[in-house]
Amino acid sequence: MTDVTSEGREFIQSLDEFCGYNRKWLVKIDEPTDEKYGFIPTKRPIDKYIEYGVINLDKPPGPTSHEVVAWIKRMFNIKRAGHGGTLESLPGKLLASRRGGDTPR
C-alpha cells in the first residue's frame, strides 16, 4: 500500500512552494490515509476526471450553452451533463459544465 498521507502532504507543500507560501505545516497526528477515500490529484485516473470533473469553457458567441453541453456529452460519450447558466450576453465569460455523478436529472 502506498503512503498516501505523506504523498498528499508533499503535493500540498509543492503547491505552497509554487505559490510562494513558505510557512511550515504543523502535523498534530500522522495518521495513514486509505486510498479508497480519494486520489492525489497528480495520480487521479483520467476516468475519474471525466466522471466527476468540471469543464471551465470560454464559450464563443453563437452556440447556446445547451448546445455546448450536448457537444460535451457526445465528445465524452456520457449520458448526463449540465451547465451553470447562460452566458449569451456575457462574451468572454466561462461556462462551467458538470459531468457525471451528481448532475441533476
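**A nonpolar patch, a one-sided helix and the fold around them**

Ile12, Tyr21, Trp25 and Val27 together make a nonpolar surface patch of about 380 Å², in what is, it should be said at once, a predicted model. One member of this patch, Val27, lies in the loop that runs between α1 (4–19) and α2 (46–52). Its degree of exposure is intermediate: the relative accessibility of Val27 is 39%, and because partly exposed covers the range between under 20% and over 50%, Val27 counts as partly exposed at that value.

The patch can be set against the protein as a whole, which exposes about 8400 Å², with 57% of that area supplied by carbon and sulfur atoms. Of the 105 residues in the protein, 22% are buried. The secondary structure consists of three helices and three strands, and their order along the sequence is α-α-β-α-β-β. As for how the chain is brought together, if one takes the contacts between residues at least 6 apart in sequence, 55% of them join residues that are at least 24 apart.

Among the helices, α3 can be followed in some detail. Helix α3 spans residues 65–76, twelve residues in total, and the distance from its first C-alpha to its last is 17 Å, which is close to the 16 Å expected at 1.5 Å a residue. Which residues of α3 are buried? They are Ser65, Val68, Val69 and Ile72, and when the helix is viewed down its axis these buried residues fall within an arc of 100°, so they line one face of α3. His66 and Arg74, by contrast, are exposed on the other side of the helix. After α3 comes Asn77, a residue whose phi is positive, near 50°.

Further along the sequence is strand β2, made of residues 81–83, and Gly82 is found in this strand. Is Gly82 buried or exposed? With a relative accessibility of 18%, Gly82 counts as buried, because the cut-off for that class is under 20%. Gly82 can also be related to α3 through Ser65, one of the buried residues of that helix: the two residues, Gly82 and Ser65, are 17 residues apart in sequence, while their C-alpha atoms are 9.2 Å apart in space.

Taken together, the description moves from a surface patch that includes the partly exposed Val27, through a helix whose buried residues line one face, to a strand residue, Gly82, that counts as buried.

Key. Residues numbered from 1 in each chain as written. Predicted model: local features only at pLDDT ≥ 70, side-chain atom pairs only at ≥ 80, totals over all residues. Heavy atoms only, no water. Helix = DSSP H or I, 4+ residues; strand = E, 2+ residues; numbered from the N terminus. Buried < 20%, exposed > 50% of the residue type's maximum accessible area, 1.4 Å probe, protein only. Contact = heavy atoms within 4.5 Å. Areas by Shrake-Rupley, 256 points an atom, 1.4 Å probe, with all protein chains shown as cover. Expected span 1.5 Å × (residues − 1). Arc of directions from axis to C-beta. Patch = residues over 30% accessible without salt bridge, like charges linked within 9 Å, V, L, I, M, F, W, Y side chains within 5 Å. Salt bridge = Lys/Arg side-chain N within 4 Å of Asp/Glu carboxyl O.
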